[in-house]
Amino acid sequence: MRYLTAGESHGKGLTAILEGFPAGVHIDCGMIDSELARRQGGYGRGGRMKIESDSAEILSGMFGSVTLGSPIAFFIRNRDYEKWSAYTDPVRGDIDSKALTALRPGHADYAGCVKYGFDNARKILERASARETAARVGVGAICKQLLSVLGITIGSHVTEICGVKSTVKPVGAAGLNELSDASAVRCLDKTAEKAMTAKIDECMKNGDTAGGEVEMIIEGVPAGVGSHAHYDRKLDAVLAAALMSIQAVKSVSFGMGGDVATVFGSLVHDCMYKSGAHGIERKTNNAGGIEGGISNGENIVARIAVKPIPTLTRGLDTVDIASGKAVSAAPERSDYCAVPAAGVVAENVLAFALADELLKTTGGDDIDTVVRRVAELRERANVWKQR
Ligand code: EPS
C-alpha cells in the first residue's frame with residue numbers, strides 16, 4: 001500500500017489517497033470520525049480545536065461502505081478556511097499580505113525558507129503544521145479496521161509530560177484506549193495525571209509549551225511479519241520511520257529501548273519456555289515484540305518522545321528576516337501541549353505501516369485471502385505445541 005496527503009493547515013482542507021487496500025473490508029465511516037475526534041482532544045490543546053470538528057468525506061474506493069481494492073480518497077474540510085481564504089485560497093489567495101518573518105526556533109520556518117528561497121515562513125508553516133496529521137489519522141483509521149478483522153488491536157497511553165512520569169504499566173492493547181481516553185492527558189496513573197495537568201497549567205500561565213512520551217502497544221500481530229533479510233523490510237525500521245515522520249517526534253524506541261545499553265545480555269533477551277496451551281512462550285518482552293526485524297508474536301511495544309511545540313506565546317529570541325533585527329518570535333496561535341494527541345496519531349501511523357508490511361508478508365488483494373494467510377502464519381507457530 002501507499003498513501004499521499006495534501007492540504008495546507010488553513011487551506012480548504014486535507015485530502016488523502018490510500019492505494020493498495022484490499023477489497024471486501026466493511027468500513028465503519030463513523031469510526032474514522034471518532035479517531036479524528038480523539039486526535040482533536042487532550043488537555044492543553046489550543047483555540048483551533050474549538051473551531052474544527054473533523055470529519056472525513058469519503059470520495060472513492062468503496063460502495064456501500066465495502067472496499068473495492070481501488071484507491072480510497074477522502075477529504076477533511078478546514079472550517080477555519082472561511083477566515084483565511086483571502087490569504088490561503090490556492091488560486092486567488094495573497095499569502096504575502098500575511099507574511100511571517102520572525103522565524104520561530106524549533107519550527108520548519110528557517111530551514112524551509114532557505115530550502116525554497118521564501119522570505120515568508122507562512123508558506124512553510126502551512127504544510128509543516130501538525131494539522132496534516134488529521135489526514136494521516138484518517139488513513140490509519142481505515143487500516144485499523146483491516147487489522148481488527150485480523151484480530152490486531154493498537155492502543156496508547158501517555159507515560160510522561162514535562163518530566164512527570166506515569167508508573168502504570170498496561171499489559172496489552174485490548175481495552176487500553178477506553179482507559180487512556182477517559183483521562184484528559186491520556187494517562188493511566190491518576191497521581192501523575194494531576195501533576196501533568198498542573199505542568200500544562202503552568203505552560204498556559206507562562207506562555208510556554210510541554211513535551212512528553214507516549215507508549216503504543218500492538219496486540220495480536222502474528223509472528224513472521226517483516227524480514228531479517230532486507231534492511232528496508234525490517235519491521236522495527238519500518239515502524240520507526242513511520243513514527244519519526246510525525247511532527248515533533250524526536251526519538252523512537254522498542255521494548256527496553258535505550259536501557260539495553262546498561263545491563264548484561266542475560267537481563268535483556270526474552271527467555272523461552274514450552275507452554276502446553278500456547279506452544280512457545282516468553283518470560284519477558286524486553287524486545288518489544290520484534291526480533292531480527294520480524295514480529296515474534298509478542299505484543300509490539302513502541303515509545304515516542306515528543307518535543308514541546310515550538311510556538312510559544314511568550315516568544316523566543318530570534319531574527320526577523322524582513323528587517324534583519326533581533327526580535328521575539330511571533331506569538332502565533334498554537335497548543336500548549338499536544339502529547340495526548342500525538343499518541344492517537346502514533347497509533348494510526350503504526351496501523352498503516354504495520355498493515356502495509358503485513359500485506360507484503362501475506363499477499364492478497366482481497367480480505368478473505370489475507371485472513372486465510374494470517375491464519376496459516378498463526379498455525380505455523382502452533383505446530384511446535386504437539387512436539
Ligand atoms: C493543529 C492545528 C494548528 C495547531 C497545531 C496543530 O492550528 P492553528 O495553527 O490554526 O492554531 O493547533 O499546529 C502546530 C502545533 C504547529 O506547530 O503547527 C492540528 O490540527 O492538529
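A salt bridge here is a side-chain nitrogen of Lys or Arg within 4 Å of a carboxyl oxygen of Asp or Glu. By that count, this structure holds 29 salt bridges. Keep in mind that you're looking at a predicted model. The other thing to look at is the ligand, which has 13 residues around it and takes up the space of the largest pocket.

**Around the ligand**

- Of the 13 residues that surround the ligand, the closest are His10, Arg39, Arg48, His107 and Arg333.
- Sort the shell by class and you get six charged residues, four polar ones and three nonpolar ones.

**Polar contacts to the ligand**

- Histidine 10 puts a side-chain N or O atom 2.7 Å from an oxygen atom of the ligand.
- Histidine 107 does something along those lines too, with a polar side-chain atom 2.8 Å from a ligand oxygen.
- Serine 129 joins in as well: an N or O atom of its side chain sits 3.3 Å from an oxygen atom of the ligand.
- On its own the ligand would expose 470 Å², and the protein buries 92% of that.

**One salt bridge to look up**

- Side chains of opposite charge can pair when their charged atoms come close.
- Among the 29 salt bridges is the one between aspartate 181 and arginine 38, whose closest N and O atoms are 2.7 Å apart.
- That pair ties together distant parts of the chain, with the two residues 143 apart.
- To find the partners, look for aspartate 181 in helix α7 (residues 176–181) and arginine 38 in helix α1 (residues 29–40).

Conventions
Residues are numbered from 1 along each chain as its sequence is written. This is a predicted model: local features need pLDDT of at least 70, side-chain atom pairs count only at pLDDT 80 or more; totals for chains, interfaces and linings use all residues. Side-chain values use heavy atoms; hydrogens and water are left out. A residue is near a molecule or strand if one of its heavy atoms lies within 4 Å of it. A polar contact is a pair of N or O atoms within 3.5 Å; within protein, one must be able to donate a hydrogen and the other to accept it, and residues adjacent in sequence count only if both atoms are side-chain atoms. Accessible areas come from the Shrake-Rupley method with a 1.4 Å probe; for residues, only the protein chains shown count as cover. On a 1 Å grid over the protein atoms alone, a cavity is a set of points where a 1.4 Å probe fits but cannot get out, and a pocket is an open set with protein on both sides within 12 Å along at least five of seven lines; lining residues have an atom within 4 Å of a point. A molecule sits in a cavity or pocket if more than half of its atoms lie within 2 Å of its grid points. Ala, Val, Leu, Ile, Met, Phe, Trp, Tyr, Cys and Pro count as nonpolar, Asp, Glu, Lys and Arg as charged, and the others, Gly among them, as polar. Helices (H or I, at least four residues) and strands (E, at least two) are DSSP runs, numbered from the N terminus.
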